[in-house]
Amino acid sequence: ADRLVQETLAGLVVQPSVSIDTRVALMAPLELLQQISGNAILLVIGQEHSSLMDQLLTGSVAFPLAARSACPVVVVPRRWSRSRTGNRPVVVALDGSSLADAVLDYAFDEADLHQSEVVALHAAPAHGLESSHSSEKAAIGKILAGQKHDHPDVPITTSIVSGHAIDRLVEASRVAEVLVIGRPHHRRPFSLWTRSVAHAVLSRSECPVVIVPPGWAAQLLGPCGHEHRSTA
């Protein structure tokens, strides 16, 4: 395990200002990552493509970690490459079922980092009336007002699309820098998480997906934001 860690690090191009700590533990990956999330600002893991049988035998990591982590979790698709990024928006999903403040804070911090725009995406029922879409857009505008004040240099686009939220978010992931989604907030997080939009998008997104837990505080990033973000 130690050799695997060292071989992996040897193949990375890391800026001199970044310090790296390693840890090898004799425990289940999910248990270890959940422990780390209590003191981390961000966890970064790979997208899982194993079969259902493999997950039953060895256990899934990405899904339960994103459902229970104390900090935001980024799930990176296997085929994703930095070469495809650049001038792409940060897409944030607003579905009305989770607290929006933490999700928007993260999305706008990410847009600041990439010097890109934020697209606030809301999927409305395909049979919805035009007047209903207008009222939903107005409600989202009120939610975004505070972010516009705090991030005056970040362009914002509000997008109300028709259809199923999962399909619309997967489509958005094809042109996004990153997709930011709030984790559902309920008393039985894992049982309902498996039927949530966030859970479904994780395995289908074509760009990195950030799952933000309810109540997560952006102040944890510190005065320099992402420049001092820790990853595990």
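User: Before anything else, what does "buried" mean, and how much of this chain counts as buried?

Analyst: A residue is buried when its relative accessible area is under 20%, exposed when that is over 50%, and partly exposed in between, using a 1.4 Å probe and protein chains only. Here, 40% of the 232 residues of the protein chain count as buried. Keep in mind that this is a predicted model, where local features need pLDDT of at least 70, side-chain atom pairs count only at pLDDT 80 or more, and totals for chains, interfaces and linings use all residues. Residues are numbered from 1 along each chain as its sequence is written, and side-chain values use heavy atoms, leaving out hydrogens and water.

User: What is the mean pLDDT of the chain?

Analyst: pLDDT is the predictor's confidence in each residue, from 0 to 100. For the protein chain the mean is 79, with 75% of residues at 70 or more. Go carefully with residues 187-192, where pLDDT is below 50 and the model shows 6 contacts beyond near neighbours in sequence. Contact here means heavy atoms within 4.5 Å. Residues 219-232 also stay under 50, and for them the model has 23 contacts beyond four places in sequence.

User: How many helices and strands should I look for?

Analyst: Both are DSSP runs numbered from the N terminus: helices are H or I with at least four residues, strands are E with at least two. You'll find 9 helices and 7 strands in the protein chain.

User: Which strands pair with E2, and in which sense?

Analyst: Two strands pair if DSSP finds at least two bridges between them. Strand E1 (residues 43-46) runs parallel to E2, joined by 4 bridges, and Gly-46 sits opposite Val-76 of E2. With strand E7 (residues 209-212), E2 pairs in the antiparallel sense over 3 bridges; there Val-74 has Val-210 as its bridge partner.

User: Are the faces of E2 covered or open?

Analyst: Both faces of E2 (residues 73-76) are covered. Val-73 and Val-75 are buried on one side, and Val-74 and Val-76 are buried on the other.

User: Which residues touch the most other members of the largest nonpolar core?

Analyst: In soluble globular proteins, nonpolar side chains tend to be buried together. A nonpolar core is a set of buried Ala, Val, Leu, Ile, Met, Phe, Trp, Tyr and Cys residues joined through side-chain atoms within 4.5 Å. In the largest one, of 29 residues, Leu-179 and Ile-181 touch the most other members. Apart from it lies another core of 23 residues, including Leu-42 and Leu-144. Leaving out residues up to four places away in sequence, Leu-179 touches, among others, Val-91, Leu-169 and Val-210.

User: What do the buried residues of helix H7 pack against?

Analyst: An α-helix has 3.6 residues a turn, so residues three or four places apart point the same way. In H7 (residues 165-173), the buried residues include Ile-166, Leu-169 and Ser-173. The buried residues of H7 pack against strands E3 (90-93), E4 (118-124), E5 (156-162) and E6 (178-182), plus helix H9 (197-202).

User: Why does Ser-37 count as buried?

Analyst: Ser-37 counts as buried because its relative accessibility is 3%. You'll find Ser-37 in helix H2 (residues 29-37). A polar atom of the Ser-37 side chain lies 2.7 Å from the backbone oxygen of Gln-34. Not counting residues up to four places away in sequence, Ser-37 touches Leu-43, Ser-69, Ala-70 and Cys-71.

Note on methods. Polar contact = N/O pair within 3.5 Å; in protein donor to acceptor, adjacent residues only side chain to side chain.
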